[in-house]
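User: Walk me through this model, please. I want the reasoning behind the labels.

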Amino acid sequence: MQVDHVGIDITSCARALRFYVDVLGLKSGETVAMEKANIHYLYADGKVFIELFEPKIKGAEAPHENNIRTKIRHVAFDCRSLEQLGAVRARAAAQYDGVSEICEIKRLNLYSLLLHDPDGNEIELVYRPSL
């Protein structure tokens, strides 16, 4: 089994796209109008990876199945190189305040960068060098 995609609640599609496309480098796809929300699809490696849920009524929350509000700690993206991780950090720092430094976590053999999208969702970028 593997992760197919992640759905994220947002308040503004235009603002979210500036982060997910311009900073993270995902590819923007189609928008599907549902009854209470618009769903905008983002692609990584040619596959749907993230669905952005924007409520049609400003200030409302995107609808959830059975009215159960879910919580996700963060979404992590796998970077192919330390250079790619650094490039994302540079793009984020050019557009947003408070971007953290890349942190090496030796016990897990990885480098990590934590960001927040415009709606406050935590996004982690990870690079795992080969042993």
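Analyst: This is a predicted model. Read from the N terminus, its elements follow the order β-α-β-β-β-β-α-β-β-β. That makes two helices and eight strands.

User: What makes 36% of the protein count as buried?

Analyst: The cut-off is under 20% relative accessible area. Of the 131 residues, 36% count as buried. The protein still exposes about 8,500 Å², with 51% of that supplied by carbon and sulfur atoms.

User: How do you know what the span of helix α2 should be?

Analyst: Helix α2 covers residues 82-95, which is 14 residues. The expected span is 1.5 Å times one less than the number of residues. For α2 that expectation is 20 Å. From first C-alpha to last, α2 reaches 20 Å, close to the expected value.

User: Which residues of α2 are buried, and which are exposed on the other side?

Analyst: Leu85, Val88, Arg89 and Ala92 are buried. Each therefore falls under 20% relative accessible area. Glu83 and Ala94, on the other side of α2, are exposed. Exposed means over 50%.

User: Why are the buried residues of α2 said to line one face?

Analyst: Down the axis of α2, the buried residues fall within an arc of 100°, so they line one face of the helix. An α-helix has 3.6 residues a turn, so residues three or four places apart point the same way.

User: What covers the buried residues of α2?

Analyst: The cover includes α1 (13-23), β7 (110-116) and β8 (122-127).

User: What share of contacts comes from residues 24 or more positions apart?

Analyst: Such pairs account for 49% of the contacts with a separation of 6 or more. A contact here means heavy atoms within 4.5 Å.

Notes:
Residues are numbered from 1 along each chain as its sequence is written. This is a predicted model: local features need pLDDT of at least 70, side-chain atom pairs count only at pLDDT 80 or more; totals for chains, interfaces and linings use all residues. Side-chain values use heavy atoms; hydrogens and water are left out. Helices (H or I, at least four residues) and strands (E, at least two) are DSSP runs, numbered from the N terminus. Buried means under 20% relative accessible area, exposed over 50%, partly exposed in between (1.4 Å probe, protein chains only). The arc is that of the directions from the helix axis to the C-beta atoms. Accessible areas come from the Shrake-Rupley method with a 1.4 Å probe; for residues, only the protein chains shown count as cover.
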